[in-house]
Amino acid sequence: MTPASESRNTVPRTTVPSMPVPSMPAPPSDLAWLGEHAAARLPREVLLHAHGPTAASLEAEVARLRALAPGSPGSLTLVDLAHARATAPAQEPAQATGHVPAADLEGAPLAELADAGEESFALAATGDRIRVVAGGSRGLRYGFYAALLGLVPADGEEWTLRSPALSIRMLDHWDNMTVHPVMGQVERGYAGGSLFFEDGELREDLTRVEHYARLLAAIGINRVSLNNVNVHAHEATLLTTRRDQVARLAEVFRAQGITVLLSVSFASPVLLGGLGTSDPLDPEVQEWWRRTTADLYAQVPDFGGFVVKADSEGQPGPFAHGRDHADGANVLARALAPHGGEVFWRAFVYDHHQDWRDRTTDRARAAHDHFAPLDGRFDDNAVLQVKHGPMDFQTREPVSPVIAAMPRTRLAVELQVTQEYTGQQKHLCYLAPWWSETLRFPLGPDGAPTVADTAAGLVAVSNVGDDDFWTGHPLAQANLFALGRLAWEPGVSPDRLLEEWIGATFGPDPLVAEVLRDLLAPSWLLYESYTAPLGVGFMVRPGHHYGPDVDGYEYTPWGTYHFADRDGIGVDRTVATGTGFAGQYPEPWASRYESVSTCPDELLLFFHHVPYTHRLHSGKTVIQHIYDSRAEGCERVAELRPRWRQIADRVPAALHDRVDALLVEQERSAEEWRDQLRSYFFRASGIADENGRPIH
Ligand code: GCV
């Protein structure tokens with residue numbers, strides 16, 4: 001055995017650099033969970049038994065972190081089993097450990113690791129010594145970041161084997177290359193412009209993308225889709241004449257074990273190829289996709305695949321050719337298959353030219369109506385990407401019934417980290433409690449497989465832009481962190497994720513942790529309490545979707561109605577008297593949602609139209625709930641800023657100021673929600689607030 005200090009790629013105590021490594025570009029002002037506090041956790045001695053690009057990038061990472069903080073006492077040993085085998089004499093068996101000292105591997109579950117796949121790792125902590133053994137380079141990276149983020153078992157525990165619960169852990173960027181006059185550069189982006197593109201082309205300086213890739217790798221993300229699913233003419237060319245830009249981004253993400261994907265237009269054969277049709281069953285169209293995809297792989301051999309929004313909100317799709325969505329998805333899947341790529345086909349398909357007078361059409365039904373009959377028809381490398389709820393990323397929705405309805409289809413559940421309907425990164429809204437509830441939702445009676453058990457992956461729309469704090473609202477970083485961690489470990493509690501994020505980002509100050517916890521942990525329910533009530537959704541200003549407008553979408557073609565009148569409110573989605581949507585669920589949910597007496601309060605108005613005097617399980621009438629909850633929500637929002645001010649000198653000043661200014665806006669906006677909704681429903685119902693609070 002070679003002593004540890006002589007092993008290849010060892011970063012011993014003596015080589016700790018005291019200055020930033022010259023090859024590393026200057027860091028952004030905010031390093032989120034990979035800043036000084038994470039650096040302070042890195043043990044002083046790091047022993048790396050690995051080779052190749054991952055070893056080089058981990059060495060660079062250690063050097064970068066060393067420049068931020070000297071680290072903690074102790075050692076971190078990282079062993080890539082692939083390296084161990086490569087350095088073992090040829091006659092040794094597959095389990096051979098080459099030049100890795102026996103003590104570094106003592107007791108490690110090597111056989112289990114070999115079965116667990118290359119993203120897995122095993123970790124043990126004894127005293128101030130942490131040991132990580134990984135089945136491959138991605139696992140090694142994840143093990144390294146687990147040590148930095150404090151995801152280390154208590155001292156003396158056995159080795160724990162860690163594998164991601166979901167193999168697909170993807171962020172979708174809705175970035176455009178140019179700035180849209182209304183939408184800005186990033187559709188539904190609230191954190192500045194695109195990190196990737198500027199003035200219609202790839203940015204010259206990709207420094208921030210490098211840091212972003214590191215942040216994502218640290219939370220376990222393994223795929224990033226680069227551009228908006230609404231693919232405009234200019235962005236469509238990323239598939240053909242601008243492939244070199246995809247290749248450059250792929251290189252940056254590859255360094256962190258992340259593969260890139262592109263959103264493509266279903267009409268590409270016409271738009272880019274000059275063909276007369278995009279009919280998926282046309283041999284020329286199929287050949288065009290095959291050739292174009294092969295050309296892309298020639299430049300980006302580990303390209304991940306395509307994301308497609310088709311027949312939705314104006315995007316072209318197979319319906320125009322009399323074909324269904326399995327025909328559409330499979331033509332792309334077959335072009336990708338020889339290269340190992342996948343197509344992510346979105347199930348967000350509905351009629352956005354609905355007649356509001358027609359009470360039988362229900363947008364919530366659309367995904368199930370279109371896709372459930374296609375179960376079993378999608379190729380193996382096609383993944384159906386289903387929004388977690390049946391409508392559109394509202395503050396509260398039931399779980400989409402599509403997730404339970406397609407056992408023979410690979411599904412990815414889509415979440416929205418960018419806060420389109422949840423306060424646009426101006427309001428505090430820590431979404432992990434809701435995501436966690438969704439992922440743990442059983443798709444049947446008690447003990448039935450959950451959403452997380454059923455899905456092959458989790459996809460989420462990114463909340464990041466070129467903003468100094470990455471996410472506009474600095475505390476919205478918690479959502480990105482939690483998303484990645486939940487994709488890896490859906491059962492972990494949102495409170496624990498908050499602790500992890502606070503520790504890595506803000507360090508061990510107990511008051512800072514307490515204040516952040518108080519602000520963030522209840523913030524989703526707080527946001528819900530002053531916005532659209534009891535699952536009815538929307539009530540936002542049309543177009544940009546910020547702030548209240550109760551009837552903003554009521555008489556529009558978008559299928560987003562609350563049907564409030566003088567007597568009552570809500571959408572009848574029952575089988576007995578409504579649109580029948582409740583019947584799309586398996587039992588016990590179909591019956592539970594169908595009956596007004598068993599439907600949970602928070603979803604009452606999603607499933608039922610009820611009189612204002614209807615009594616909730618909480619004991620309050622619907623109208624009194626609307627009045628009280630908006631008033632009390634506002635009172636609680638007013639308490640946030642004084643609380644935040646208690647840590648003014650304990651967090652970076654620029655960050656404190658940014659959050660402070662946003663809390664002022666949250667107070668203003670919450671009051672606007674309160675006053676508009678309370679007044680609207682008083683005028684509609686004529687029923688007074690029994691608590692006598694002012695109504696305008
Ligand atoms: C990218 C919602 C948003 C759109 C978005 C769409 C989607 O409707 O408002 O901006 O388009 O969802 O998920 O495709």
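The ligand occupies the largest pocket, a pocket being an open set of points on a 1 Å grid over the protein atoms alone, with protein on both sides within 12 Å along at least five of seven lines. A molecule sits in a pocket if more than half of its atoms lie within 2 Å of its grid points. This is a predicted model, in which local features need pLDDT of at least 70 and side-chain atom pairs count only at pLDDT 80 or more, while totals for chains, interfaces and linings use all residues. Residues are numbered from 1 along each chain as its sequence is written, and side-chain values use heavy atoms, without hydrogens and water.

**Surroundings of the ligand**

- The ligand is surrounded by 14 residues, each with a heavy atom within 4 Å of it.
- The closest are Glu187, Lys309, Arg346, Lys387 and Glu420.
- By class, this shell holds eight charged residues (Asp, Glu, Lys or Arg), three nonpolar and three polar.

**Polar contacts and burial**

- Glu187 places a polar side-chain atom 2.5 Å from a ligand oxygen, where a polar contact is a pair of N or O atoms within 3.5 Å.
- In Arg346, a side-chain N or O atom is 2.7 Å from an oxygen atom of the ligand.
- For Glu420, the corresponding distance to a ligand oxygen is 2.5 Å.
- The protein buries 97% of the 340 Å² that the ligand exposes when taken alone, by the Shrake-Rupley method with a 1.4 Å probe.

**Overall chain**

- The chain contains 25 helices and 19 strands, which are DSSP runs of at least four residues (H or I) and at least two (E), respectively.
- Its C-alpha atoms fill a box of roughly 85 × 65 × 50 Å along the principal axes.

Key: A polar contact is a pair of N or O atoms within 3.5 Å; within protein, one must be able to donate a hydrogen and the other to accept it, and residues adjacent in sequence count only if both atoms are side-chain atoms. On a 1 Å grid over the protein atoms alone, a cavity is a set of points where a 1.4 Å probe fits but cannot get out, and a pocket is an open set with protein on both sides within 12 Å along at least five of seven lines; lining residues have an atom within 4 Å of a point.
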